[in-house]
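Here are my notes on the model you sent. They cover helix packing and salt bridges, point by point.

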Amino acid sequence: MNPRRLRQHACLADVLRDAAAGMTLGHVRRRVFLVGCPRSGTTLLQSLLHAHRQIRSLPETHFLPLLLGSEEHRRCEADRPRTPAARFRRWRRDALVRWSLVDPRRAARAWSLLRDLELPVRMPDGKRWRLGSQLQAFVRMLDAHALAMHKPIWVEKTPDHLFYIDHLRAAVPDARFLHVQREGAQVVGSLYRAARDHPAWRPFLSLERCVDRWDTARRESERWRGDPRHLHVSYEALVREPRGTLRHVLAFLGCETDDALWSRYRTLAGELLRPDEPWKAGNLEPLRARDAFGDVLDASQRRWVECALAARASLRRMEQAQDTPVPALPHTDMLAPRG
């Protein structure tokens with residue numbers, strides 16, 4: 001381990017000892033969760049914020065999906081359990097969530113990933129089966145990490161935490177949430193390209209699942225529009241007018257502008273990428289708009305996606321006109337073309 005990393009570990013150890021002793025360590029001014037649909041630009045915004053002199057971020061923790069295993073982040077029609085055994089497993093997971101309980105084996109797995117990220121892990125000593133205790137320990141860990149790096153603001157970026165905002169708000173009443181949103185066709189193209197190039201994304205070789213995943217995340221994100229603790233950020237605006245858009249985000253977080261971050265964000269972005277995430281390599285390249293829809297999908301696939309997205313938009317208009325929830329769009333009889 002290099003000397004710089006040793007100093008960081010020693011600093012983190014001191015922070016945790018002080019926390020255990022109840023000492024005042026400093027002040028975390030802002031706790032921020034960055035959420036959205038995968039392939040929507042969350043990593044880009046995270047990299048820009050991480051380069052700010054007052055902000056600390058870290059690789060994706062996947063904490064709540066791993067901890068609860070409730071698959072709330074997969075509320076897609078294509079992923080609904082079909083067999084009785086799968087439905088029972090889902091019922092058990094969701095029941096634990098309703099009762100605010102956690103499975104000890106899942107908790108161990110979630111904390112193991114945090115150790116792999118070399119974070120200052122300190123699991124709850126008592127009531128480990130309680131969700132509240134786990135979340136409080138998670139937040140204390142993020143606080144300790146930020147303070148050890150002398151940063152008053154931390155940003156935790158796990159896109160699927162979008163579906164756990166109720167839990168996070170209960171555990172972190174002062175939390176702020178950044179929602180990154182991207183045009184549906186571009187997200188579908190990016191999901192499909194990731195599935196084509198990387199085995200970990202293989203389920204998204206189904207265009208129907210790509211469309212469903214984007215629409216599910218969009219619906220969940222829109223639930224929070226208008227809440228003063230939530231800011232919705234357009235990926236297209238971030239790429240088209242990066243300085244103005246980021247200035248707006250920093251104002252929401254109560255931060256000063258930091259013009260120097262533009263010269264260092266690509267260098268620091270590497271700190272946020274795990275070795276098993278090769279699909280994020282594009283984040284180290286110069287900031288530019290990418291046409292995942294036109295570059296990845298052929299003409300027949302593009303036509304199908306456009307029709308599917310138009311059907312979703314029509315359903316939303318019906319929902320707004322009736323001012324009552326409309327059931328999610330069922331599977332279409334028109335088969336999605338394959339590449």
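What should the 16 residues of helix α9 span at 1.5 Å a residue, and how far apart are the end C-alpha atoms?

1. The model is a predicted one. For helix α9 (residues 207–222), the expected span is 22 Å, and the end C-alpha atoms lie 23 Å apart, which agrees.

2. Helix α9 is largely enclosed by the rest of the structure, because 12 of its 16 residues are buried. The buried set includes charged side chains as well as nonpolar ones: among them are Asp 212, Arg 213, Asp 215, Arg 218 and Glu 220, along with Leu 207, Val 211 and Trp 214. The cover over these buried residues includes strands β4 (176–181) and β5 (230–234) and helices α8 (184–197) and α14 (299–322).

3. One of the buried residues of α9, Asp 212, makes a salt bridge with Arg 312, at 3.1 Å from N to O. Asp 212 belongs to α9 and Arg 312 to α14, so this pair ties together parts that are 100 residues apart in sequence. Both Asp 212 and Arg 312 are buried.

4. A second pair to look at is Arg 31 with Asp 143, whose side chains form a salt bridge with an N to O distance of 2.8 Å. Arg 31 sits in strand β1 (residues 30–36) and Asp 143 in helix α6, so the bridge ties together parts 112 residues apart in sequence. Buried means under 20% relative accessible area; Arg 31, at 16%, therefore counts as buried, and so does Asp 143, at 13%.

5. Asp 197 also forms a salt bridge, here with Arg 196, with the closest N and O atoms 3.1 Å apart. Asp 197 has a relative accessible area of 43% and is partly exposed. Arg 196 is partly exposed too, at 42%.

6. In the whole structure, a search finds 26 salt bridges. A network of them links Glu 60, Lys 157, Arg 274, Asp 276, Glu 277 and Lys 280.

7. Helix α6 (residues 131–148) also packs against helix α5 (residues 104–116): the two axes come within 13 Å and cross at roughly 5°. The two helices are therefore roughly parallel to each other. On the α5 side the contact involves Ala 107, Trp 111 and Leu 114, which meet Gln 134, Ala 137, Phe 138 and Met 141 of α6. Six of these contact residues are nonpolar, one is polar and none is charged. As background, an α-helix has 3.6 residues a turn, so residues three or four places apart point the same way.

Note on methods:
Residues are numbered from 1 along each chain as its sequence is written. This is a predicted model: local features need pLDDT of at least 70, side-chain atom pairs count only at pLDDT 80 or more; totals for chains, interfaces and linings use all residues. Side-chain values use heavy atoms; hydrogens and water are left out. Axes are lines fitted to C-alpha atoms, for helices over the stretch in contact, and angles run from 0 to 180 degrees between N-to-C directions. Helices (H or I, at least four residues) and strands (E, at least two) are DSSP runs, numbered from the N terminus. Angles under 35 degrees count as roughly parallel, over 145 as roughly antiparallel, 65 to 115 as roughly perpendicular and the rest as oblique. Contact means heavy atoms within 4.5 Å. The expected span of a helix is 1.5 Å times one less than its number of residues. Buried means under 20% relative accessible area, exposed over 50%, partly exposed in between (1.4 Å probe, protein chains only). A salt bridge is a side-chain nitrogen of Lys or Arg within 4 Å of a carboxyl oxygen of Asp or Glu.
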